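Me: I'd like a close look at how the inside of this protein is packed. Here's the model I have in mind.

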Amino acid sequence: MIPPILLNDDRSERVRYDFADYPIYIRRSLLSEYPGQKAPNHWHDDIEFISVLSGRMKYYINGEIIDLCGGEGIFVNSGQMHFGFSYQNRECDFLCILFHPMLLCSSFSLEKDFVLPLLRNNGLPFLALDSGVPWQQEILSQLSLLHQNRAERSAPMRALSSFSLIWSLLWDHAPADGCADNRQGHDLTIIKNMVGFIQENYQRRLSLAEIAASGAVGQSKCCKLFAKYFSKTPNEYLNQYRVDKSLGLLQNTDLSVTEIALATGFNSASYYAETFRRLQNASPTEFRARMAKIRGKGSAGR
């Protein structure tokens, strides 16, 4: 089981880098290792790359959903809301690689001329990577190389070389920055504040007015942003988050369903069970039994 993704109160990820002094993260994972076969919705300052080795994954970024199959991947720019999730409960074997852009800022000129223009390019929040496009295939090849070399003593230097090549390819092929008014970035900041508020306060009763106030917007604007980024109402998003938080409790604790319902902000076990079944196509008890059976099979196979 991979370590759970840790989130700060603003919903940014606390990335656990592979090296104490170098902000680099390289992992090969299965979607089945994540609760509910999906990662939590989050963001970080790091650049993220996903390379699908086999299977299929849906990838959410700022309200858009990208379908990724074996041999494909995606680049996610700094600060974007994103997560991967299973398609029809299908397995996916993939690489997840993150690096902080500071790695490429060895001089002020490099930062100003090559790093910041891409980080601030509103026309490049993400890019789907197609192995049929030669320069994108080169990026996918470098991601594979990063994983192969991760245990070498010179891994940080090898990673810097690969990241520099990847960045130069992105820089050469980046679209023009066509969002001069930066409204997308402003809305993204607002939605980050509101989902951060939900994450910090999901265990208590929350009103639409409180959620909207956390983003310093009116309730109508709040609802429009949740519809844009999540295709959900704020209350639907809140209940989804509560159910997602309950998955780990069902799998890893002996708490009763009623105790889990109250711990995750539901006012009754019956409402929790009803919401859980609607979102997970199973009752909390059925989900717990299924996960225990899977763990039992895994233990028997070791």
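Which residues in the largest nonpolar core touch the most other members? And could you take me through the aromatic rings as well?

Reply: Sure, keeping in mind that this is a predicted model. The largest nonpolar core has 44 residues, and those touching the most other members are Ile50, Ile74, Ile191, Met194, Phe226 and Phe230. Helix H4 (residues 183-201) gives the most to this core, seven residues in total. Take Ile191: leaving aside residues up to four places away in sequence, Ile191 is in touch with Met81, Leu225, Phe226, Tyr229 and Phe230. A separate core of 24 residues lies apart from that one, and its members include Phe49, Val115, Leu146 and Ile166.

Now the rings. Across the whole structure there are 18 aromatic pairs. In one of them, Tyr34 and Phe94 have ring centres 6.4 Å apart and planes at 25°, so they count as stacked. This pair ties together distant parts of the chain, 60 residues apart: Tyr34 is in the loop between strands E1 (24-30) and E2 (47-61), while Phe94 is in strand E6 (residues 92-99). Both Tyr34 and Phe94 are buried. Phe49 pairs with Phe75 in a tilted arrangement, 5.5 Å centre to centre with 40° between the planes. Here strand E2 supplies Phe49 and strand E4 (residues 73-76) supplies Phe75, 26 residues apart; both are buried.

Phe226 and Phe230 turn up again in an aromatic cluster with Tyr60, Phe83, Phe85 and Tyr237. Charges meet rings too: Arg56 lies over the face of Tyr87, 3.8 Å from the ring centre, and Arg242 over that of Phe266, at 5.9 Å.

Methods. Residues numbered from 1 in each chain as written. Predicted model: local features only at pLDDT ≥ 70, side-chain atom pairs only at ≥ 80, totals over all residues. Heavy atoms only, no water. Core = buried A, V, L, I, M, F, W, Y, C linked by side-chain atoms within 4.5 Å. Buried < 20%, exposed > 50% of the residue type's maximum accessible area, 1.4 Å probe, protein only. Helix = DSSP H or I, 4+ residues; strand = E, 2+ residues; numbered from the N terminus. Contact = heavy atoms within 4.5 Å. Phe/Tyr/Trp six-rings, centres within 6.5 Å; stacked < 30°, edge-to-face > 60°. Lys NZ or Arg CZ within 6 Å of the ring centre and 35° of its normal.
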